[in-house]
Amino acid sequence: MTPSLSQREWENNMSVRILELVRNELYLDFRYLDMALSSLVFSPKEELKTIATDGASLFFSREQILRVFKNNPLFLNRTYLHSVLHCIFRHLWMRKNREPVLWNIACDIAVEQVIDSFDKNSTKRALSLVRSRYYEHLKKEKIPVTAAAVYRDLLSVTDPEEQLELQLEFYTDDHRFWPRDASSSLSSEAIGKQWEKIGRRASKDIELRGNQSSSALSSVTSQIALGKSRRSYQEFLKKFTVLQEELHCNYDEFDLNYYTYGLQIYQNMPLIEPLETREVKKISEFVIVIDTSYSTDGLLVRRFLRETFRIITQRDSFFKKSHIRILQCDNQVRSDTVITSESDIERLLQNFSLIGGGGTDFRPAFAYVDKLLSQGTLRHLKGLLYFTDGQGIYPARRPPYDTAFLFMGDADAVRPVAPVWAMVMHLNEEDFDL
């Protein structure tokens, strides 16, 4: 029998009140997530079997909310927090070309492990044998509990039954409304950027509550950092662009009406001429140095180069006379590849191979670049990127150009202290899973 409209309204109101109660309980234990917990708009969808989100709404089934609240209210707490953490970690916008089923499992494992690490009454539950066993596996193999790292581990799970067991064990919310990729629509991209801001706010609040430090909170801040690092790296590369005039009609400052009016009045004689130059920020000259010591992974280097070139070539970032040098160096410069056009980039990526394998000494690369400057080969060098694990001998003096060391791994990993004059950025392997 179909319920009356008033019955539906009652169920909807009660479901919303239950979700508000769940949110308030989570507030008490996770005050640093206050903005995140209140960012999703409640929206009923009766075809669902559990909670779902698209980053803007929290979709729910009235029947499921009322039933679960009566029998197992703690599950609602965990499910609500589970969906919110997916958004904070930006799992919805990070899938790219990964296999969807495995990616969903990996995201659920990464979130559930964090929730299981919290010692909070609102979310505490006993660990099953399957969970305990897989968590021990991750710990033993020293696999970071992030969605991308777990996904790579799941690729080695070839037994369908084992894969299904993990899927059923960690399944919590429905991912059907997740966008296919970060740029699938303007609204989805805007929502993703909003959650990046919410994540930064949560990280700052966690830092301010130093007395609440724990491995779980450390995992939260690390995964928030992973979710924003790709965009941060893109912003970082903008430091190496320069503002120059380029031959191009500047339509922002050119009034086409006066131009056509002159053609009409003076018989094809323009009243004003279009401006022939405009100021643009593009790549002019810079150097990328690849550390080719024994600790460097060739596949990771190719991912780094491809992602770097993808960023600097988007939106017409090259001047017609751009000049980029790709150096390979361990304890001496092993190769020097010149990039002056986008076709050179594709040629390099197709034929790239690491040369070297000795110990790391950063000084030869800087000496080589100084030689290119003294010879006039480089005239307007904006900066140098050094892709490395950080283990090596640094120059004693600051060079006459901006320098950045790009370290692989978590920002809190133990690393040598880079020179004070150098910029430092910590990248993660997840940034280059293309």
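**Helix faces and helix crossings**

On the face of α13 that points away from its buried side sit two exposed residues, Gln350 and Asn351. The model is a predicted one, and α13 covers residues 342–351. The buried set in this helix consists of Asp344, Ile345, Leu348 and Leu349. Looking down the axis of α13, these buried residues fit within an arc of 130 degrees, so they line one face of the helix. The general rule behind such patterns is simple: an α-helix has 3.6 residues a turn, so residues three or four places apart point the same way.

Helix α3, residues 62–71, can be described in similar terms. Here the buried residues are Arg62, Gln64, Ile65 and Val68. Around the helix axis they take up an arc of only 165 degrees, which places them on the same side of α3. Lys70 and Asn71 lie on the other side of α3, and both are exposed.

Turning to how helices pack against each other, α5 (residues 100–117) and α7 (residues 147–154) have axes that come within 8 Å and cross at roughly 130 degrees. An angle over 115 but not over 145 degrees falls outside the perpendicular and antiparallel ranges, so α5 counts as oblique to α7. The crossing of this pair is right-handed. On the α5 side, the contact is made by Leu102, Trp103, Ile105, Ala106, Cys107, Ile109 and Ala110. Their partners in α7 are Ala147, Ala148, Val150, Tyr151 and Leu154. Sorted by class, the contact of α5 with α7 holds twelve nonpolar residues, with no polar and no charged ones.

Another pair is formed by α6 (residues 129–140) and α8 (residues 160–170), whose axes come within 10 Å and cross at roughly 110 degrees. Angles of 65 to 115 degrees count as roughly perpendicular, and that is how α6 stands to α8. As for handedness, α6 passes α8 in a left-handed crossing. From α6, the residues in contact are Val130, Arg131, Arg133, Tyr134 and Tyr135, while α8 brings in Glu165, Leu166, Glu169 and Phe170. What is the make-up of the contact of α6 with α8 by class? There are five nonpolar and four charged residues, and no polar ones. The charged members are Arg131 and Arg133 from α6 together with Glu165 and Glu169 from α8.

Methods
Residues numbered from 1 in each chain as written. Predicted model: local features only at pLDDT ≥ 70, side-chain atom pairs only at ≥ 80, totals over all residues. Heavy atoms only, no water. Axes fitted to C-alpha atoms, helices over the stretch in contact; angles between N-to-C directions. Helix = DSSP H or I, 4+ residues; strand = E, 2+ residues; numbered from the N terminus. Parallel < 35°, antiparallel > 145°, perpendicular 65-115°, else oblique. Left-handed = near helix turned anticlockwise from the far one by under 90°. Contact = heavy atoms within 4.5 Å. Buried < 20%, exposed > 50% of the residue type's maximum accessible area, 1.4 Å probe, protein only. Arc of directions from axis to C-beta.
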